[in-house]
Amino acid sequence: MSTVNETAGAVQLDGRVVVVGGGLATARIVSTLRRKKFTGAIDIVAAEEHLPYDRPPLSKDVLFGVKDSTALPFDPTKLDVTVHTGRVATGADTQARVLHTDRGDLPFDGLVIATGADPIRLPGDGEQLTLRTIDDALALRDRLTPGARVVIIGASWIGAEVATAAMSHGCEVTCLEYSEAPLSNALGVDVADRLLPWWSGVDLRCGTSVREVSGEGVVLTDGTVVPADVVVTGIGVRPAIGWLDGSGLTIDRGVLTDEYCRTDVPGVVALGDVAQRWSPKTNQHAAVEHWDDAGGAATTAALALIGEALAFDPVPYFWSDQFGHKIQYVGKHGPDDTVAITTSDDGDLDTARWTAPDGTLSAWLGVDRPRDVIAARTAVGTSAAEFVSAHA
C-alpha cells in the first residue's frame, strides 16, 4: 500500500482533535498526545455513558463477580479533555472537517476513528444478550443464577468464556455450535477436537443450525425449540462503520489504513476493531480484533496525527481463559499450513504449532504455557525447525 509523506496533513500541536470511541485505544491515544506536548483541544465522543474502560475483564472478571468496573486510569481534568458520554457519532464530513453527532456538530483538525465493533444478532423477537460492554456484562451476570437454563449460541472464544462463568454460578448450560467442534473455524478441526473434553459440563451440540430466538428459547432450523431462561449470542462482530457512509474514507470490512493507522484522508486515523490496517509482513490489509492490537496501535495513531511515523505491524497475539485453562495464540496461520500438536502427560492439549509451506513458523498456540509466549511470538516468521530444536 502506498503511503503519504509523514508530515502531510499533520495536526498542529495547538489544533483540535476529536476522538470517536471510548475504549482502550481512546485512552492511550489521548495520553500519548499529551505526552508528545499536544496542547490543543481534545474532544472524546463516546456512545456509552462511561469513561474509557477495559473490555477483556468483562468475561474474565465481571461475569464471575470479581469486579463491578473495569475503568481505566483516565482523568479528563488532568488530561484536559472534554468527554461527551452518551453522544453518538452520526457522520463525518472529512472535507469540511466536521463530525456530525446526535447532539450537534464538532469541528476538527484531526479525527480518530475508534468505534470498535458491534455484536452480530440473530433473527427473532426473543431476548438475546451479547457481551460487548460493561452494561452487557453486568446485565448478564444478574441473570446467571443457580439453575437458570442458559443457552449460548456459538462455541466461540466468548462463548467458551461465558459458558465457564455460567457454570461457576450453577447454571444449566447448553451451547449450540454450527461447526463440527468448538473453534474449529479459528483453529482447525485437529486442534479443536482436543478442546472437546473441556466442555464436559456443557450440553454442547455441534453441527447445529439456529433459525431464530423466540420467547420460548432458541429455534433450530428443523423447528426444534431449545428452552432457555437466558440466551447469549456469541457468533462474532461487525466493525461499527455505518456512521461513516459518505465520509469520503475508503472502507472495506473496516476503515482501510496504512501501517501508520492513517486513512487516505490526511489528518484522519483509524484503529482497533473498526479498522483494517495494512501489514507489510503479509502484504495485505487485516482486521485484528484483539485488545493487544488496539492498545499497541494507539501510540502509532497518535504520532501519525502530529506528523511522526512509527509503523505498527506486530505479530498478532490474543488469549482466552476458559474452563480453568489459559489459551494463548500468536501469529496467524493459513489454510495451507501444516499443524503439529503436542499433548501433556494426561493427554490434554499442550501446544499447537503451524508451519507455512516455506518452512517458517506461522502461528503457535499454548495451553497454560505463559512462559513460552514471548519466545513463540519472536519466532513467528522464522524457521519452524529451528524453533522446535530450541524448544524441544
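Me: In which helix does Ser184 lie?
Reply: The model is predicted, and the assignment is taken from its coordinates. The helix in question covers residues 184-187. Ser184 therefore belongs, by the rule that helices are numbered from the N terminus, to helix α6.

Me: Is Ser184 buried or exposed?
Reply: The relative accessible area of Ser184 is 8%. Buried means under 20%, so Ser184, at 8%, counts as buried.

Me: Which backbone oxygen does the side chain of Ser184 reach?
Reply: A polar contact requires a pair of N or O atoms within 3.5 Å. The side chain of Ser184 has such a partner at 3.1 Å. The partner is the backbone oxygen of Ala181.

Me: Which residues does Ser184 touch, not counting residues up to four places away in sequence?
Reply: Contact here means heavy atoms within 4.5 Å. With residues up to four places away in sequence left out, the residues touched by Ser184 are Ser179, Val189 and Ala192.

Me: What is the relative accessible area of Ile152?
Reply: Ile152 is found in strand β9, residues 149-153. Buried means under 20%, and Ile152 is classed as buried because its relative accessible area is 0%.

Me: Which residues does Ile152 touch, not counting residues up to four places away in sequence?
Reply: Among them are Thr174 and Val173, and strand β10 covers residues 172-177. Another is Val232, and strand β15 covers 230-233. The full list is Gly159, Val162, Ala163, Val173, Thr174, Cys175, Leu176 and Val232.

Me: How many Å apart in space are Ile152 and Val218, C-alpha to C-alpha?
Reply: In sequence, Ile152 and Val218 are 66 residues apart. In space, taken C-alpha to C-alpha, the distance between them is 9.4 Å.

Me: What is the order of the strands in the open sheet of 4 strands with parallel pairing?
Reply: The edge strands are β11 and β15, each pairing on one side only. Between β9 and β10 there are 5 bridges, and these two strands run parallel. The order is β11-β10-β9-β15.

Me: By how many degrees are neighbouring strands of the β11-β10-β9-β15 sheet turned against each other on average?
Reply: This is the open sheet of 4 strands with parallel pairing. With direction ignored, the average turn between its neighbouring strands is 15°.

Me: Which residue in β10 is the bridge partner of Val151?
Reply: Strand β9 spans residues 149-153, and 5 bridges join it to β10, residues 172-177. In β10, the partner of Val151 is Thr174.

Me: Which strands are the edge strands of the open sheet β4-β5-β6?
Reply: β4 (residues 89-93) and β5 (residues 98-101) pair in the antiparallel sense over 4 bridges. β5 also pairs with β6 (residues 104-107), again antiparallel over 4 bridges. In the order β4-β5-β6, the strands that pair on one side only are β4 and β6.

Me: What does the twist of the β4-β5-β6 sheet average from one strand to the next?
Reply: The sheet is open, has 3 strands and is antiparallel in its pairing. From one strand to the next, its twist averages 25°.

Me: Which residue in β6 is the bridge partner of His100?
Reply: His100 is the bridge partner in β5 of Gly91. Val98 has its partner in β6 at Pro107. For His100, the partner in β6 is Asp105.

Me: How many residues lie between β5 and β6 in their hairpin?
Reply: The hairpin of β4 and β5 has 4 residues between the strands, and Arg97 in that turn has a positive phi of about 60°. For the hairpin of β5 and β6, the number is 2.

Me: Which residue in the turn between β23 and β24 has a positive phi?
Reply: β23 (residues 338-343) and β24 (residues 349-355) pair antiparallel over 6 bridges. One of the bridges joins Thr343 to Leu349 in β24. The hairpin has 5 residues between its strands, and the one with a positive phi, about 90°, is Gly347.

Me: What radius of gyration does the chain have?
Reply: The C-alpha trace spans about 60 × 55 × 35 Å along its principal axes. For 392 residues, a compact globule would have a value near 21 Å; the chain agrees with this, at 22 Å.

Terms used:
Residues are numbered from 1 along each chain as its sequence is written. This is a predicted model: local features need pLDDT of at least 70, side-chain atom pairs count only at pLDDT 80 or more; totals for chains, interfaces and linings use all residues. Side-chain values use heavy atoms; hydrogens and water are left out. Two strands pair if DSSP finds at least two bridges between them. Axes are lines fitted to C-alpha atoms, for helices over the stretch in contact, and angles run from 0 to 180 degrees between N-to-C directions. Buried means under 20% relative accessible area, exposed over 50%, partly exposed in between (1.4 Å probe, protein chains only). A polar contact is a pair of N or O atoms within 3.5 Å; within protein, one must be able to donate a hydrogen and the other to accept it, and residues adjacent in sequence count only if both atoms are side-chain atoms. The radius of gyration is taken over C-alpha atoms; the globule rule is 2.2 Å times the number of residues to the power 0.38.
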